[in-house]
Amino acid sequence: MTRLATCLVLLTAAAAAQDRDTKVRNDRAAFEQRDAWVYNDLDAGLAEARKTGKPVLVVIRCIP
Amino acid sequence: MARRDESIRHLLDQFVTVRIVQANALDLTLFDFDFDLTFAVFFLNADKTIYGRFGTRSDREAVRDISMEGFRRALEGALGLHADYPKNRAALAGKRATRMRVRQPERFPSLKKYGKSLDYDGAVAKSCMHCHQVRAAARAVLREARKPMPDEVLFPWPMPDAVGLSLDPKECATVARAAGVAEKAGFRAGDRILSLAGQPLLSIADVQWVLDTAGAPARIPAVVERKGERVELTLPLEKDWRRGSDISWRTTTWDLRRMAFGGMVLEPAPGADGKSLRLRVKHVGRYGQHAVAMRAGVRKGDIVVGFAGWTDPMTESELLARVLTKKPAGTRVDVALLRDGKRIETRIRLQ
């Protein structure tokens, strides 16, 4: 029973991790289609700010 | 969601917007924020001067801490600071401080397995370091060194309410209600806090930053606008001002419970009379190092009436703080429980 419970936990965790893998990839795909956002690259954002004279808004977001 | 609001979209268009979804390789000398948040905003100049922060969470429902209107005000405020930069550079200097022992989180011993970037071609979720892991890693260093955890580590980013300042989430830093220490210091409902410790404020997060970095005891100068007049006040912080904060909602408290309680999650017990310790075991960890209490025989529903010889009334947060400041890792402590009216004694080894 303990082994079965362990297997179930591992399978559930694997399924949940797969779902999160998909969410993380989908988040990048969704934002990279939008010109408005620099994705996961602070240096690129700062370079753009130096070029344009704009301030920078950095959103730090943990994908659930 | 913010981009669907036309007025906010117009403001956002005036920024270079950067989205970061990992704590891996985060520059902790720049991005110092409440690591229990899943959403945090920084407003920066291209030279990395911080104009302000946005994003707050507490044990309350979210609408009391954060709002779209508050975000709009923060955006407007940041644009105003940017327009005045660099004349206001001196006032902004305090918004950045080197507090972490390491510059990047992968340098903490418990986070060495993480790389600098996400593995999008492989197990991307596993490669992703969460923000809350940064605080947990910093705490683990202290605990493994058998050092007491200081209040600023145990009670990070307290809400301004801890000093009696309830702020309106729809404004940058406007007092909704003043009580306790803040009221005695002269703050009043309706005051618009223009600066704290000389720093301009864009949000409740900015107020939290000033409080969190002030040290204790401390005296923080403030300038408020009241009925068109500028009023100067001083907010005193006592040595233990953070201790009234509730840390039970924090993701990072999970690891504190492993260290101090062997994996128990505690909540106020029914029938508590305020004269003695009485905390109900809401949950007992079942795996690995979070199962120490379970292996010692503790069950969900048990009532903790004694811990390490202490029997005075405490909240879970207060008991966590006492254990982690007074009992080093490796100590074995007695735990007294009530179960179905019967008293049970057991011992757990602190981690």
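Start by selecting A:Arg20: this residue is partly exposed, because 17 other C-beta atoms lie within 10 Å. On this scale a residue is buried with 20 or more other C-beta atoms within 10 Å of its own, exposed with 12 or fewer, and partly exposed in between, with C-beta atoms placed from the backbone.

Before moving on, a word on what is on screen. This is a predicted model, in which local features need pLDDT of at least 70 and side-chain atom pairs count only at pLDDT 80 or more, while totals for chains, interfaces and linings use all residues. Residues are numbered from 1 along each chain as its sequence is written, and chains are lettered from A and ligands numbered from 1 in the order in which they are written.

**Stop 1: chain A**

Keep A:Arg20 selected and show the cartoon: the residue sits in helix 1 of chain A. Helices here are DSSP runs of H or I with at least four residues, strands are runs of E with at least two, and both are numbered from the N terminus. Now add A:Thr52, which is 32 residues away from A:Arg20 along the chain; their C-alpha atoms are 36 Å apart. Colour the whole of chain A and you will find 2 helices and 2 strands, in the order α-β-α-β from the N terminus. Of the 64 residues in chain A, 20% are buried.

**Stop 2: where the chains meet**

Next, select the residues of chain A that touch chain B. You should have 31 residues of chain A in contact with 32 of chain B, where contact puts the C-beta atoms, placed from the backbone, within 7 Å of each other. Which elements of chain A supply at least two residues each to this side? They are helix 1 (2-32), strand 1 (37-39), helix 2 (42-52) and strand 2 (56-61). Helix 1 of chain A gives the largest share, 8 residues. Colour this side of chain A by class to see 19 nonpolar, 3 polar and 9 charged residues. For this colouring, Ala, Val, Leu, Ile, Met, Phe, Trp, Tyr, Cys and Pro count as nonpolar, Asp, Glu, Lys and Arg as charged, and the others, Gly among them, as polar.

**Stop 3: chain B as a whole**

Zoom out to chain B, which has 10 helices and 14 strands. Its C-alpha trace spans about 65 × 55 × 35 Å along the principal axes. Buried residues account for 42% of the 351 in chain B.

**Stop 4: helix 8 of chain B**

Select residues 253-261 of chain B. This is helix 8, and 8 of its 9 residues are buried, among them B:Asp255, B:Arg257 and B:Phe261. What do the buried residues of helix 8 pack against? Add helix 4 (131-144), strand 10 (264-268), helix 9 (292-295) and helix 10 (316-326) of chain B to see these partners. Just past the end of helix 8, B:Gly262 has a positive phi of about 65°.

**Stop 5: helix 8 against helix 10**

Finally, hide everything but these two helices of chain B. Residues B:Leu256, B:Met259 and B:Ala260 of helix 8 meet B:Leu320, B:Val323 and B:Leu324 of helix 10. By class, this contact has 6 nonpolar, no polar and no charged residues.
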